[in-house]
Amino acid sequence: MSDCKGPKENLHRKARASPYPGSKVERAQVPDDKVNWMINWKDYSPVDYTAPSVLSGPKWADPEIGANNFSPKFNEKDGQVERSSHSGLYNVENGRPRNPVGRTGLVGRGLLGRWGPNHAADPLITRWKRDGSGNKTAHPVSGENILQFIAIKRKDCGEWAIPGGMVDPGEKLSAALKREFSEEALNSLQKTKAEKEEMEK
């Protein structure tokens, strides 16, 4: 079975951008017509990169494949870690999973802790903008109602983002959504026990 579902309009351009985020590492260039794994490309030579912060062995990261007999199982639940992708099946080469969407010009994990999918929980919370009387507020030019959403300013890069993060092994998605939103949007890690209990009400 193929690990690529045929041509895709998106061609995951962001996953082929250089330099790799947070580094000076340049990916091997992958033209649009060579993204699909079904296209033969004998000269494909991706750059092998895993960030030093991942290789240092934090508890949230997998070890290198082969280290201490580490050999993860893909396309299934591997202990407490879900290693099935929503983007398709993984083909495995030399113990490493290939990106199911296609070539990216890079092998290794980059900044990701897990081999295979790194499932994230990113809650998108919205509301209609309202005036002091509770009526929806319209945009002055388009006349459309204004939809607001919650965003955070990331501490690592200073960019605005939706709050969220990685699902821990064995954690339910609903619990991860609540935890990540509390940590990133409500700053729960800095709260006292009493303040956390008040937030839970």
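## W115 and its surroundings

W115 sits in the loop that runs between β6 (106–110) and β7 (120–121). This is a predicted model, and in it W115 is buried, with a relative accessible area of 3%.

So who are its neighbours? Leaving aside residues up to four places away in sequence, W115 touches D62, P63, E64, I65, F70, F74, R83, R96, P97, G108 and R109. With P63 there's a polar link too: a polar atom of the W115 side chain lies 3.0 Å from the backbone oxygen of P63. As for F74, its C-alpha is 8.8 Å from that of W115, although the two residues are 41 apart along the chain.

## F74 and Y90

Searching the whole structure turns up 4 aromatic pairs. One of them joins F74 and Y90, a tilted pair with 6.0 Å between centres and 55° between planes. F74 belongs to the loop between α1 (52–55) and β2 (77–78), while Y90 belongs to the loop between β3 (81–82) and β4 (92–93), so the pair ties together parts 16 residues apart in sequence.

Are these two rings' residues buried or exposed? F74 is buried at 10% relative accessible area, and Y90 also counts as buried, at 9%.

## The W37, W41 and Y44 cluster

Elsewhere in the sequence, W37, W41 and Y44 make up one aromatic cluster. Arginines come into play here: R98 has its charged end over the ring of W37, 4.0 Å from the ring's centre, and R103 lies over the face of Y44, 5.2 Å from the ring centre.

Methods
Residues are numbered from 1 along each chain as its sequence is written. This is a predicted model: local features need pLDDT of at least 70, side-chain atom pairs count only at pLDDT 80 or more; totals for chains, interfaces and linings use all residues. Side-chain values use heavy atoms; hydrogens and water are left out. Rings of Phe, Tyr and Trp (its six-membered ring) pair if their centres lie within 6.5 Å; planes under 30 degrees apart count as stacked, over 60 as edge-to-face and the rest as tilted. Helices (H or I, at least four residues) and strands (E, at least two) are DSSP runs, numbered from the N terminus. Buried means under 20% relative accessible area, exposed over 50%, partly exposed in between (1.4 Å probe, protein chains only). A charge sits over a ring if NZ of Lys or CZ of Arg is within 6 Å of the ring centre and within 35 degrees of the ring normal. Contact means heavy atoms within 4.5 Å. A polar contact is a pair of N or O atoms within 3.5 Å; within protein, one must be able to donate a hydrogen and the other to accept it, and residues adjacent in sequence count only if both atoms are side-chain atoms.
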